[in-house]
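Here is a short report on a ligand and its surroundings. Look over the sequence and the structure before reading on.

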Amino acid sequence: MKWVAKTIKEILFGHVGACIMLLCIVPVLFIGHRLYRGFEIQVEQRPAESEEEDLIVVGFSQLGSESGWRTAHTASIQQALTKDAGYFLVFNNARQIQENQIKAIRSFISQRVDYIVFAPVIEDGWDTVLQEAKEAGIPVIVTDRMVNVQDDSLYTTWIGMDAREEGKKAGRWLEEYLEQERRQSEEINIIVLKGTIGSTAEIGRTKGFGEIAVQHENWHILDSVTAEFTANKAKEVMRKMLRHYPEMDVLISQNDDMTMGAIEAMQEAGIRLGEGGDVIVISFDATRDALELVKEGRINVDVECNPVQGAYVDEIIQKLENGESVEKRYVVEERVFTKENAAEFLNDRTY
Ligand code: AHR
């Protein structure tokens, strides 16, 4: 028996044991390292000079992929800045984290790209990194959401939506609708599902709708809660809202993905939507899926936010390449969709 114990001791603490332990530990460390790297933000690199030929190298930092609208926005930029059109696009998805966007922009600067295009997740906090881009002599084109910077020479131009006007359009539509339904003197209880707090879309839509709402003493905003522009979060938030505010008359949801999530929660709770329903639903974006619901009447109105901004980016870069001047601000065209006109636009909707 003594020799058995001795052999076990040798295996555990001797050379053989050490080898076995190493064989077990190394793969664990390797897998752990790979997993850890998986969570780091990997910024794509520009190609070697020879591969670039005469291409214009553009670093594009997209804030995330939270919504159908975002997917369409990314596609629009990628479809406009192709190799055939003379570009090499270095793309990075920041997964909704501002730090990731700052890191991506710094990486674009160190790669000495020709242009930086970025869709900022929120408005504040960009002065330092944009100053670095300016010092490196790289023009910055801001797209979709806006930046709030001390010195507006830190970016060359901005292309996006008028979010405040979108909020006002929603408010004006509600005024007209209530009048049409002869409910203009009723007490109207409103719930707002907000997008990412501090983003242009959230700030503008909240402000614009609020400007119309204050003109009506009988409109009551019972609560405003963020669901971060995502369907899942909205479903969760809406379930709580329905328990707290069964008297809700109007839902204003600041994007279509949240509206879809909220509708699921309302359906679960047996709430009737559409003509003569329990809740009036107001949404923003007007993606194809949402327009289907507008057509069916389950969303009463959808205020468009236009993601097709790639062609503008291309046009601006071409102007800058030719030494022409560009405007500081380009606002994309946007419409309002209701049951009356949704069908006519559905066929051409690509997103
Ligand atoms: O900034 C545009 C907004 O961001 C869109 O309304 C929304 O769908 C997206 O996530």
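The text below describes the ligand site, from its place in the protein to its polar contacts.

This is a predicted model. The ligand takes up the space of the largest cavity.

Two domains share the shell around the ligand. Domain 1 (54–161 + 307–333) gives at least three residues, and domain 2 (163–305) also gives at least three. Two helices take part as well. Helix 4 (68–80) and helix 8 (200–213) each supply at least two residues of the shell.

The residues around the ligand are Glu66, Ser67, Trp69, Arg70, Asp144, Arg145, Met161, Ala201, Arg205, Phe229, Asn255 and Asp285. By class, six of the shell residues are charged, four are nonpolar and two are polar.

Polar contacts come next. Each row pairs a side-chain N or O atom with an oxygen atom of the ligand.

| Residue | Distance to a ligand oxygen atom |
|---|---|
| Ser67 | 3.0 Å |
| Asn255 | 2.9 Å |
| Asp285 | 2.5 Å |

How much of the ligand does the protein bury? Taken alone, the ligand exposes 280 Å², and the protein buries 100% of that area.

Note on methods:
Residues numbered from 1 in each chain as written. Predicted model: local features only at pLDDT ≥ 70, side-chain atom pairs only at ≥ 80, totals over all residues. Heavy atoms only, no water. Near = heavy atom within 4 Å. Polar contact = N/O pair within 3.5 Å; in protein donor to acceptor, adjacent residues only side chain to side chain. Areas by Shrake-Rupley, 256 points an atom, 1.4 Å probe, with all protein chains shown as cover. 1 Å grid on protein atoms, 1.4 Å probe; cavity = no way out; pocket = protein on both sides within 12 Å on 5 of 7 lines; lining within 4 Å. Sits in = over half its atoms within 2 Å of the grid points. Helix = DSSP H or I, 4+ residues; strand = E, 2+ residues; numbered from the N terminus. Nonpolar A, V, L, I, M, F, W, Y, C, P; charged D, E, K, R; others polar. Domains from an automatic or database assignment.
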